[in-house]
Amino acid sequence: MKRRFPIFFLFLLCFLGLSLILRDSSPPPLAALTPLGEAPQWQKLNVYQNTLTQEEFVSLLEKVYTQEKSYQKYIKIFSDHAIIHTDSFDMQKTFRLNFAKENQQKGGSSKNSSAYWRAKPIKNASAQFPLQGLRIAIDPGHIGGDYAKVEERWFQINKTPPIKEGELTLTVSKILAEKLRAQGAEVFLVRSEHQPVTSMQPKALRDVAKKWYADRGMQDITETYRDTTDPSRGRSLKWRQEVLTYRNQEIRDRAKLINEKIMPDITLCVHFDAEYWGDPQNPLLSNKNYTHVIINGSYMPEELHYNDVRFEMLQKLLSQTHPIEKKLGHTVARFLAKSTQLPAADYYLAGHQAKAMSKDSYVWARNLLANRLYQNPVIFLEAYVMNNPEVIARIHEGDYKGNKKVYGKIRKSIFREYADGVVEGLLRYYK
Ligand SMILES: [Zn+2]
């Protein structure tokens with residue numbers, strides 16, 4: 001399977017916390033926690049005592065969440081329990097997780113009752129309102145607006161309007177919300193303007209930014225940078241503070257909003273994909289165009305070192321969102337592919353392996369900050385390559401109702417085509 005992917009070298013820019021960004025924001029394996037990570041409260045896992053059998057637990061660890069046997073350094077499996085190391089720097093500290101007995105009445109394949117989300121949320125559905133009862137959070141990826149450059153989700157061709165991913169995702173999300181409400185669902189947008197959810201100000205993260213550079217042994221740190229074309233910005237405090245605020249704290253605050261206020265049955269993270277575009281003022285174009293869905297899993301061996309990541313992975317695994325993420329992800333991906341007429345993304349990321357979760361390569365497992373922290377079934381939707389000329393032409397055409405001839409073909413607006421695929425997928429899944 002592995003051999004299939006390195007056919008070509010793709011930089012997929014669209015995920016929160018990987019490849020370029022992961023290298024950019026992940027700490028060296030010195031710290032116990034990731035930047036802005038919270039110290040885990042391991043006793044929170046007690047609600048999952050005796051809910052999974054040894055076989056179910058190991059199967060999820062090996063087939064979905066980790067790579068090879070990398071977990072064995074931190075998680076020791078015994079016949080009726082697992083011993084989990086809670087501190088990478090003090091291997092004496094452990095948490096004991098008891099397995100359910102094979103023949104015991106237990107949660108097994110159904111979700112744990114302590115979670116806020118419901119596996120079967122549809123209530124009083126009718127032909128007119130087939131999604132009645134379903135609570136959906138829609139998370140429009142990134143921020144857009146004045147933040148698009150800091151997010152590195154911005155490029156411009158000559159004097160044409162700049163393309164900002166955070167604005168495309170919000171346009172799709174608003175259309176999607178309206179269409180899902182019309183089907184009876186209760187829909188919450190995580191943001192509804194090109195403004196951050198976090199109220200954190202970059203200057204508040206000055207010490208974190210300083211530590212970030214210090215941890216990497218980086219010296220000659222400057223105070224500020226000229227603009228995003230300044231090659232020395234990656235050594236400035238201002239840039240690091242902004243990245244930590246708008247790409248890291250932002251996701252953490254969205255997670256709080258989702259887990260503590262919205263408490264949805266599912267979350268849809270809306271994104272556009274891209275190929276490496278280099279200079280944003282003079283971007284490279286790509287003739288590739290594809291779609292796929294990402295669900296949580298495939299944690300890298302070095303990520304398991306961090307106490308917060310290890311805890312959050314186990315919380316995700318034990319809360320049993322995976323069976324829903326996989327099935328829902330695959331159903332939505334199938335209809336998204338049908339609506340957009342796009343092939344699957346068959347990709348390989350530099351040193352960061354994704355696990356294929358479906359034979360047709362439309363569903364992949366990856367560990368992203370958002371799908372790790374949002375404590376409900378989460379699917380990341382990735383459609384269209386933003387720096388493909390046809391996609392650019394369709395984006396510049398904007399949203400419109402009905403059909404129009406764009407780039408030599410009569411069709412719906414790119415935003416409606418995207419939203420329609422997702423709605424069809426949800427309708428099929430909950431039918
Ligand atoms: Zn994105």
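Which residue in S2 stands opposite isoleucine 77? In this predicted model, the partner of isoleucine 77 is alanine 82.

**The sheet**

This pair of residues belongs to a sheet of three strands. The sheet is open, its strands follow the order S1-S2-S3, and their pairing is antiparallel. Strands S1 and S3 stand at the edges with a single partner strand each, so one side of each has no neighbour in the sheet. On average, and with direction ignored, neighbouring strands of this sheet are turned by 20° against each other. S1 and S2 run antiparallel and are joined by three bridges.

| Strand | Residues |
|---|---|
| S1 | 75-77 |
| S2 | 81-85 |
| S3 | 94-98 |

**The helix pair**

Two packed helices are described by the angle between their axes and the distance between the axes. Helix H8 covers residues 322-340 and helix H11 covers residues 414-430. Their axes come within 7 Å and cross at roughly 140°. Angles over 145 degrees count as roughly antiparallel and 65 to 115 as roughly perpendicular, with the rest oblique above 35; H8 and H11 are therefore oblique to each other. The crossing in which H8 passes H11 is right-handed.

Which residues of H8 meet H11? Among them are Leu328, Val332, Phe335 and Leu336, together with Arg334 and Lys338. On the side of H11, the residues in this contact include Tyr418, Val422, Leu426 and Tyr429, as well as Glu417, Asp420 and Arg428. The contact of H8 with H11 comprises eight nonpolar, five polar and six charged residues.

How values were computed. Residues numbered from 1 in each chain as written. Predicted model: local features only at pLDDT ≥ 70, side-chain atom pairs only at ≥ 80, totals over all residues. Axes fitted to C-alpha atoms, helices over the stretch in contact; angles between N-to-C directions. Helix = DSSP H or I, 4+ residues; strand = E, 2+ residues; numbered from the N terminus. Left-handed = near helix turned anticlockwise from the far one by under 90°. Contact = placed C-beta atoms within 7 Å. Nonpolar A, V, L, I, M, F, W, Y, C, P; charged D, E, K, R; others polar. Pairing = 2+ DSSP bridges.
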